[in-house]
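Let's go through this one the way you might at the bench, asking of each label what earns it.

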Amino acid sequence: MDNHLHQTLANLAAICEAQFIKRVVFSPGSRSAPLALTFLRNKNFEHYHLVDERSAAYFALGLAKKDLIPTILICTSGTAVLNYAPAIVEAYFQQIPLLVLTADRPPELVDQNDNQAIFQEGVFGKHVLKSFQMPVDYGHTASQVFAQKVMNQAILASVGKRLGPVHVNFPFREPFYPTSDNVTPSENIMVLDYEPSPLQPQFHDEHFLPELINDAKNIWVFGGQSHENFTPHLKHLINDFCQRTGALFFADPLTSLHVNQQVYHYDAWLKTKEVQPPDLVISYGNHFVSKQLKQFMKRNQQVQHVHLQSHEGLADPFFSINYFVETYISSFFEAIQPWIVGKEL
């Protein structure tokens, strides 16, 4: 029996705890027993049990969405892993942090007609931010240290500039159960710190954005789906910006964001002929449900369009973005405040 495995897993759970992760969602299975027992015996975690993997993954997604702290998902090997896919895809595009820990067959059993042995390494493809493969054997110190390093990397990847799901695959050989009920973490575990860049834009007299905003007579702000929508501070900043510039605010229905100069039912309004395109659009967020809004912008390519997001990799559902600013949304509206010349409303 490899007790090095269970000692290493206890250390990995302690790393998760030290990185402020508190919730674990389990879907039962024998191959995942080493992982499940490790987290169950650590009473500092909240434990949730859902038999159906698809439901478990969506439940974990909801938990993580509440406070944007990664939720751990644990399942057995084989097709159970694939049942996590729909929620993982949503977590990727909605930028919700999940730490997906999947048990796997050892490599000598994969593609050998062994029961529930599928190709799990990298199984989620581009729908996770990172994918990691753990060692099969933890008997060597280098493997134990490597496992700790991987767990830290996985956690930090899920809560970096771009939040999202991360997959860690654990191949296990039998037997699965420790010979002792008292496996505790080591005194010294590896816990890596992460400080995200403030992404604070710097404006000056020659910067084009203050001039672009002050010259525009008709500004629209598109609020897409973003975790920053949950902060009251952003609502205050957008309210101030709209009041001082006369901008209209278009909130995606899934943001649940309401400000003073908000356009409601804009899908119907945009179909009317009297709608005049704005001089400038400032958008933020990842997803915009409204087809009418996207089609309106595609028909009006002459509109200046600035998009804000806190991570690399620009996606343009409007086919109209001229300027991309990598910044936290609240940082942008804070930095632009002193440069705005108020308009008469």
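Q: What makes two residues a contact here?
A: Contact means heavy atoms within 4.5 Å. Setting aside neighbours within four places in sequence, Thr327 meets that with Leu199, Pro201, Leu308, Gln309, Ser310 and Phe332. Bear in mind that this is a predicted model.

Q: Why is Thr327 called buried?
A: Buried means under 20% relative accessible area. Thr327 comes in at 0%, so it counts as buried. Its place is in the loop between strand 11 (323-326) and helix 11 (329-336).

Q: What does the chain look like overall?
A: It has 11 helices and 11 strands, and its C-alpha atoms fill a box of roughly 75 × 40 × 30 Å along the principal axes. Of the 345 residues, 50% count as buried. The exposed surface is about 16500 Å², with carbon and sulfur atoms supplying 52% of it. On the charge side, there are 25 positive and 33 negative side chains, and the centres of the two sets lie 7 Å apart.

Q: How do you know what share of the contacts joins residues 24 or more positions apart?
A: Take the contacts in the chain with a separation of 6 or more: residues 24 or more positions apart account for 74% of them.

Q: Why are the buried residues of helix 5 said to line one face?
A: In helix 5 (residues 85-94), the buried ones are Ala87, Ile88, Ala91 and Tyr92. Looking down the helix axis, they fall within an arc of 140°, so they line one face. There's a general pattern behind this: an α-helix has 3.6 residues a turn, so residues three or four places apart point the same way.

Q: What do the buried residues of helix 5 pack against?
A: They pack against helix 3 (53-67), strand 4 (98-104) and strand 6 (165-171). Right after helix 5 comes Gln95, with a positive phi near 60°.

Q: Is Val89 buried, exposed or partly exposed, and how do you know?
A: Val89 also lies in helix 5. Partly exposed covers the range between 20% and 50%, and Val89 has a relative accessible area of 28%, so partly exposed is the label. The C-alpha atoms of Val89 and Pro165 are 8.5 Å apart, though 76 residues separate them along the chain.

Q: What makes a set of residues a nonpolar core?
A: The members must be buried residues from a nonpolar list, joined through side-chain atoms within 4.5 Å. The largest such core has 33 residues, and those with the most contacts inside it are Cys16, Phe39, Ile72, Leu99, Leu101, Met151 and Phe170. Among the elements giving two or more residues to this core are helix 1 (3-18), helix 2 (33-40), strand 3 (71-75) and helix 6 (141-158). Apart from it lies another core, of 29 residues, including Val221, Leu280, Tyr284 and Ile329.

Q: Which residues does Ile72 touch, leaving aside neighbours within four places in sequence?
A: Ile72 is in contact with Cys16, Ile21, Arg23, Val24, Val25, Phe39, Leu99 and Leu101.

Q: Why does Arg105 count as buried?
A: The cut-off is under 20%, and Arg105 has a relative accessible area of 12%, so it is buried. Arg105 is found in the loop between strand 4 and strand 5 (130-133). Its C-alpha atom is 9.9 Å from that of Asn169, 64 residues away along the chain.

Q: What makes Ser256 and His265 exposed?
A: Exposed takes over 50%. Ser256 has 60%, so it is exposed, and His265, at 71%, therefore counts as exposed too. Ser256 is found in the loop between strand 8 (248-251) and helix 9 (266-270), and His265 has its place in the loop between strand 8 and helix 9 as well. Neither is a glycine, yet phi is positive at about 55° for Ser256 and about 50° for His265.

Q: Where is Ile189, and what is it in contact with?
A: Ile189 is in the loop between strand 6 and helix 7 (208-215). Beyond its neighbours within four places in sequence, Ile189 is in contact with Asn11, Ala14, Ile15 and Gln148. Ile189 and Ala14 are 175 residues apart in sequence and 7.7 Å apart in space, C-alpha to C-alpha. At 25% relative accessibility, Ile189 counts as partly exposed.

Note on methods
Residues numbered from 1 in each chain as written. Predicted model: local features only at pLDDT ≥ 70, side-chain atom pairs only at ≥ 80, totals over all residues. Heavy atoms only, no water. Helix = DSSP H or I, 4+ residues; strand = E, 2+ residues; numbered from the N terminus. Buried < 20%, exposed > 50% of the residue type's maximum accessible area, 1.4 Å probe, protein only. Areas by Shrake-Rupley, 256 points an atom, 1.4 Å probe, with all protein chains shown as cover. Lys, Arg positive; Asp, Glu negative; His and termini not counted. Charge placed at Lys NZ, Arg CZ, Asp CG, Glu CD. Arc of directions from axis to C-beta.
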